[in-house]
Amino acid sequence: MSALDSFAVTRKWPARHPDRIQLYSLPTPNGVKVSIMLEETGLPYEAHRVSFDAQDQFSPEFLSLSPNNKIPAILDPDGPDGKPFGLFESGAILLYLAGKRGQLLPAGTAGRYETLQWLMFQMGGIGPMFGQVGFFHKFAGKDYEDKRPRDRYAAEARRLLGVLEQRLEGRDWVMGKEYTIADIAIFPWVRNLVGYYGAGELVAFDRFRNVARVLAAFVARPAVQRGLGIPG
Ligand SMILES: N[C@@H](CCC(=O)N[C@@H](CS)C(=O)NCC(=O)O)C(=O)O
């Protein structure tokens, strides 16, 4: 018997290492935020693949942990007060892991809230808008004759990239010299937009030199390289 046995999700995805953080995910831009964070912090974890092809995200076991039927989600056997703790929503998970490890989130109040501000900018802006560009440019929406929805989201993605471009002027990372969870939230999405979605031209990515520079530095990090492929 392990402390995780009372969580239904472990019935579908049994924990081989119940002492480690359990990650339920896929290597999508939201999923890799958490695998990259786990790799960066060195926290021991076990990754489980939630197959969209098999509609795993709608299974009662997965919904018991992530009621919004979305990856990523985690189960930490050693949560607050030493009790097992489940969490969904990548932004909340990044904050939780940063707090648990005391890493990748500035300790001072101002730096902390400034980082949160950019994390929210990703969660409320970059993620949803770039995701819509993907739908209208690469997936089912690309066949729609009316190009106005695609153009609306492309324009918004371009505007958001412009905000990020300005922020990165003279900075190594979103928070300056310090690499934080804001970078881990933002750059998987930028990479996806110009890589997998192939929307670089649509959003005029060549205009955003600072964004391209920091994206290259992000992708070059060994922990990022590892996290991008998890779960395999
Ligand atoms: N706000 C959520 C978004 C998560 C999300 O959209 N996940 C997608 C994959 S990137 C998903 O699980 N989609 C499955 C579905 O909608 O059925 C987060 O950041 O965790």
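**Notes on the ligand site and some backbone details**

1. Of the 13 residues around the ligand, the ones that come nearest are Gln57, Lys70, Ile71, Glu89 and Ser90. Please keep in mind as you read on that this is a predicted model.

2. Which side chains place a polar atom by an oxygen atom of the ligand? Ser90 is one of them, with an N or O atom of its side chain 2.6 Å from a ligand oxygen. Gln57 has a polar side-chain atom 3.0 Å from an oxygen atom of the ligand, and for Asn30 the corresponding distance is 3.4 Å. Taken alone, the ligand exposes 510 Å², and the protein buries 78% of that.

3. Where does the ligand sit? The space it takes is the largest pocket.

4. Helix H2 deserves a look of its own. It runs over residues 29-41, which makes 13 residues, and spans 19 Å from its first C-alpha to its last. That is close to the 18 Å expected at 1.5 Å a residue. Just after the helix comes Gly42, with a positive phi near 75 degrees.

5. Is H2 largely enclosed or largely open? Because 12 of its 13 residues are buried, H2 is largely enclosed by the rest of the structure. Among the buried residues are Pro29, Gly31, Val32, Lys33 and Val34. Further along the helix, Glu39, Glu40 and Thr41 are buried too.

6. Now for the backbone, where a general reminder helps: most peptide bonds are trans, and most residues other than glycine have a negative phi. You may want to keep both parts of that in mind for the next points.

7. Which peptide bonds are cis? One of them leads from Ile71 to Pro72, with omega near 5 degrees. Pro72 lies in the loop between helix H3 (60-63) and strand S3 (73-76). Ile71, on the other side of this bond, is also among the residues that come nearest to the ligand. Another cis bond leads from Ile230 to Pro231, with omega near -5 degrees. Pro231 is found in the segment after helix H9 (222-227).

8. Gln55 is not a glycine, yet its phi is positive, about 60 degrees. This residue sits in the loop between strand S2 (45-49) and H3. Is Gln55 buried or partly exposed? Its relative accessibility is 46%, so Gln55 counts as partly exposed.

9. Ala204 also has a positive phi without being a glycine, in this case about 55 degrees. You will find Ala204 in the loop between helix H7 (181-194) and helix H8 (209-219). Its relative accessible area is 15%, and since buried means under 20%, Ala204 is buried.

10. Two helix residues round off the tour. Gly134 belongs to helix H5, residues 109-137, and at 0% relative accessibility it counts as buried. Its C-alpha is separated by 33 Å from that of Lys100, with the two residues 34 apart along the chain.

11. The other is Ala155, which has its place in helix H6, residues 148-168. With a relative accessible area of 35%, Ala155 is partly exposed. How far apart are the C-alpha atoms of Ala155 and Tyr45? They are separated by 39 Å, and the residues lie 110 apart along the chain.

Notes. Residues are numbered from 1 along each chain as its sequence is written. This is a predicted model: local features need pLDDT of at least 70, side-chain atom pairs count only at pLDDT 80 or more; totals for chains, interfaces and linings use all residues. Side-chain values use heavy atoms; hydrogens and water are left out. Helices (H or I, at least four residues) and strands (E, at least two) are DSSP runs, numbered from the N terminus. The expected span of a helix is 1.5 Å times one less than its number of residues. Buried means under 20% relative accessible area, exposed over 50%, partly exposed in between (1.4 Å probe, protein chains only). A residue is near a molecule or strand if one of its heavy atoms lies within 4 Å of it. A polar contact is a pair of N or O atoms within 3.5 Å; within protein, one must be able to donate a hydrogen and the other to accept it, and residues adjacent in sequence count only if both atoms are side-chain atoms. Accessible areas come from the Shrake-Rupley method with a 1.4 Å probe; for residues, only the protein chains shown count as cover. On a 1 Å grid over the protein atoms alone, a cavity is a set of points where a 1.4 Å probe fits but cannot get out, and a pocket is an open set with protein on both sides within 12 Å along at least five of seven lines; lining residues have an atom within 4 Å of a point. A molecule sits in a cavity or pocket if more than half of its atoms lie within 2 Å of its grid points.
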